[in-house]
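User: Could you walk me through this structure step by step, and explain the terms as they come up?

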Amino acid sequence: MCFDDPIYLDRGSFEDLMVDTDQHRICWMYHDILSHPRIAWMFDKYAGKGTPIREAWTTMAWVATGQQENSFYLLFKWYEDFYGPPQRSDLYFIEQEQGPDGGVRVRFLNRDFQNKLDQRGRAWFESFLSRVSQNAGYFFGESDLESGPVERILHLLDNNPGRELECFDWYFGRRSDGEKSLLCATTSAYFRGLQAIREIIYSLLVTDGRAAEGTCHMATNDLLSILSSISAKVDEKRLPELVDLFQELADGFFYEPLRAPYLSRGAGRVLWDMTETGELRWLRLGGPGSRRFLRELYSRCAPRDMWDVFHRWQGEIYYTVLRRPLTKDLPRGIYILSRFEDQTGLDVTGLFWLENVSVGVAHLCQGEFFEDLLDFLVSRYVREAFLPLGRPREETMVSGYSYLLKEIFAQYDRGFG
């Protein structure tokens, strides 16, 4: 079976998803073909939630690319009245496992924390659905009911063989390369979703009637009906090509992070020596505000190194403020040194430089001493500070974070000694 155990989101993880949606770190897209009640009912039956949908309800589907490779989010909004507000939503994370025998893995994102929210909290929780629509409108400019963007994108693709990157650069206009990369990655997820649904249905057809006692199965006719409706709208043979092509376009716009400046071993020695003598002071950032700040930095400088919101973040963040240059390699500004464990279990270490202590233009630096310096800081006592958390729509951007960090450091600096 393709359906795995659910992932339980806490309020902080869901709020991170809210912020990513509001700040356009994630790109949502209306999925006209997956907006089929039978598909949503299939997920509802097999995800093990035990919360049946009323037969009279209809649904709309939304897709967004995940941070893990070959993964995406799938959101279903359920409607009793198609022209009224949604009554319910279901959120899933779907990934294609690595390797030649890797299959599709579907996990329901359980948000039962909502049951403990007060009336104001419930209104905040339910606002997620309108935020997804607003996000899709920002990126694709379509209404909830329009399937035109995919048709226009495919038309442009077919008319410009060999010049895809150039044409999409023009088509997406004045957007940043990061946003263009997100647009293409989510378009790839659109077609990846069709591949996944087909694989899930074929898996269910094979196991139908042979499952353990008590397992609910859809009728074969229902599954075949879904397959035929998909086949009527898209050329199945072309799906792998479209998935790969749009992912390549996403990589073409924003694949490797632009790392600058290069910090030499000599610069590392200066930081080390001044830290050891106490001339240079560092603060350790703690709490969910610091994690969200780091997501903002990676979304700007190295989005492929971000982590999905439900991933348990384990890491360290330290920072210092240089009000004057130390060397020509160490100009004034704010330096943020971080390490966290990614979703594959590997450590990601980075050093960011906020170019101006007032404005906060972010750079991800190159260098060979970051690991050693971070290990040195971890081995010493470093005072801890916390970034305040704002409401999702009021999340500060890098310039605001820069000002906050500067103010927090100044307060603690008076207490050093």
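Analyst: Let me begin with a term: two strands pair if DSSP finds at least two bridges between them, and strands (E, at least two residues) and helices (H or I, at least four) are DSSP runs, numbered from the N terminus. Please keep in mind that this is a predicted model, in which local features need pLDDT of at least 70, side-chain atom pairs count only at pLDDT 80 or more, and totals for chains, interfaces and linings use all residues. Residues are numbered from 1 along each chain as its sequence is written, and side-chain values use heavy atoms, with hydrogens and water left out.

User: OK, so how many bridges join β10 to β11?

Analyst: Strand β10 (residues 333–341) and strand β11 (residues 347–354) run antiparallel and are joined by 8 bridges, and Glu341 stands opposite Asp347 in β11.

User: And what is the strand order in the open sheet?

Analyst: The open sheet has 7 strands in the order β7-β12-β11-β10-β9-β8-β13, with mixed pairing. Its edge strands, β7 (259–263) and β13 (384–386), each pair on one side only.

User: Which strands does helix α12 lie across?

Analyst: Helix α12 (residues 398–413) lies across β8, β9, β10, β11, β12 and β13, and it runs at about 80° to β9. Here contact means heavy atoms within 4.5 Å, while axes are lines fitted to C-alpha atoms, for helices over the stretch in contact, and angles run from 0 to 180 degrees between N-to-C directions.

User: Switching topic: is β4 buried or exposed?

Analyst: Strand β4 (residues 71–79) is mostly covered, with 9 of its 9 residues buried, where buried means under 20% relative accessible area, exposed over 50%, and partly exposed in between (1.4 Å probe, protein chains only).

User: Which residues are on each side of β4?

Analyst: In a regular strand the side chains alternate between the two faces of the sheet. For β4, Ser71, Tyr73, Leu75, Lys77 and Tyr79 are on one side, and Phe72, Leu74, Phe76 and Trp78 are on the other, all of them buried.

User: What does β4 pair with, then?

Analyst: Strand β3 (residues 58–65) is joined to β4 by 8 bridges and runs antiparallel to it, with Leu74 as the bridge partner of Val63. Another 8 bridges join β4 to strand β5 (residues 88–96), again antiparallel, and Tyr73 stands opposite Phe93 in β5.

User: Where does a positive phi turn up in the hairpin of β3 and β4?

Analyst: That hairpin has 5 residues between the strands, and Asn70 takes a positive phi near 60°.
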